[in-house]
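Please load the model in a viewer and keep a selection panel at hand. The stops below proceed from the overall fold to single side chains.

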Amino acid sequence: MTPTPPLRGDLLRTPVSAARVAADLRARGFRVGRLDAHDRAEFVEHVAAALQFPAHYGRNLDALWDCLTDLTVPTALVWTGWEDLAVSHPDDWAAVMAVLVDRIRAEPPFTLVLAAASAGH
């Protein structure tokens, strides 16, 4: 029997649909949140529901970091709509990504998937 590799955090970009990616991550043992956000305000708002943050979440990047570091199980965030933020608001994109990438480096595993809104493979 081949041992299952341990879960680890990662940053992935894929043309595969968000639904398929989420199903694959769940099958690997991740708790998965999905969101569609096109700007920073949408992101900090919708990530709360996607990852089931507590009611006191402050909807800013400091509060995002606090809640991400409170995660206790392997978690993945599948994000569609990210392209709009990356292209139209590069400074906001960099700020959001800095928080997310820092969290990827921590434990328990956290994976960010920049996914296609639909179809693909």
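Helices (H or I, at least four residues) and strands (E, at least two) are DSSP runs, numbered from the N terminus. Read along the sequence, the pattern is β-α-β-α-α-β-α-α-β, which comprises five helices and four strands. The model is a predicted one, in which local features need pLDDT of at least 70 and side-chain atom pairs count only at pLDDT 80 or more, whereas totals for chains, interfaces and linings use all residues. Residues are numbered from 1 along each chain as its sequence is written, and side-chain values use heavy atoms, with hydrogens and water left out.

**Whole chain**

Begin with every C-alpha atom selected. These atoms fill a box of roughly 45 × 35 × 20 Å along the principal axes. The radius of gyration, taken over C-alpha atoms, is compared with a globule rule of 2.2 Å times the number of residues to the power 0.38. For 121 residues a compact globule would have a value near 14 Å, and the protein, at 14 Å, agrees with this.

Next, display the surface. By the Shrake-Rupley method with a 1.4 Å probe, where only the protein chains shown count as cover for residues, the protein exposes about 6,600 Å², and carbon and sulfur atoms supply 53% of that area. Colour by relative accessible area: buried means under 20%, exposed over 50%, and partly exposed in between (1.4 Å probe, protein chains only). Of the 121 residues, 43% count as buried.

**The sheet**

Select the four strands. They form an open sheet in the order β1-β4-β3-β2, with parallel pairing; two strands pair if DSSP finds at least two bridges between them. The edges are β1 (10-17) and β2 (31-36), each of which pairs on one side only. Neighbouring strands are turned by 25 degrees against each other on average, direction ignored. Axes are lines fitted to C-alpha atoms, for helices over the stretch in contact, and angles run from 0 to 180 degrees between N-to-C directions.

Restrict the view to β1 and β4 (residues 110-116), which run parallel and are joined by five bridges. Here S17 stands opposite A116 in β4.

Now select T111, in strand β4. Which residues does T111 touch, leaving aside neighbours within four places in sequence? With contact meaning heavy atoms within 4.5 Å, its partners are R8, G9, D10, L12, F30, T75, A76 and L77. T111 is buried, at a relative accessible area of 3%.

Add helix α5 (residues 90-104), which lies across β1, β3 (75-80) and β4 and runs at about 135 degrees to β4.

**The aromatic rings**

Select the Phe, Tyr and Trp rings (for Trp, the six-membered ring): they pair if their centres lie within 6.5 Å, and planes under 30 degrees apart count as stacked, over 60 as edge-to-face and the rest as tilted. The structure holds four aromatic pairs. In one of them, F43 and W79 have ring centres 4.6 Å apart and planes at 40 degrees, so this pair is tilted. F43 belongs to helix α2 (residues 40-50) and W79 to strand β3, 36 residues apart. Both F43 and W79 are buried.

Move on to W79 and W93, whose ring centres are 5.7 Å apart with planes at 40 degrees; this pair is therefore tilted. Since W79 lies in strand β3 and W93 in helix α5, the pair ties together parts 14 residues apart in sequence. W79 has a relative accessible area of 0%, and W93, at 18%, counts as buried. Finally, add W82 to the selection: ring pairs link F43, W79, W82 and W93 into a cluster.
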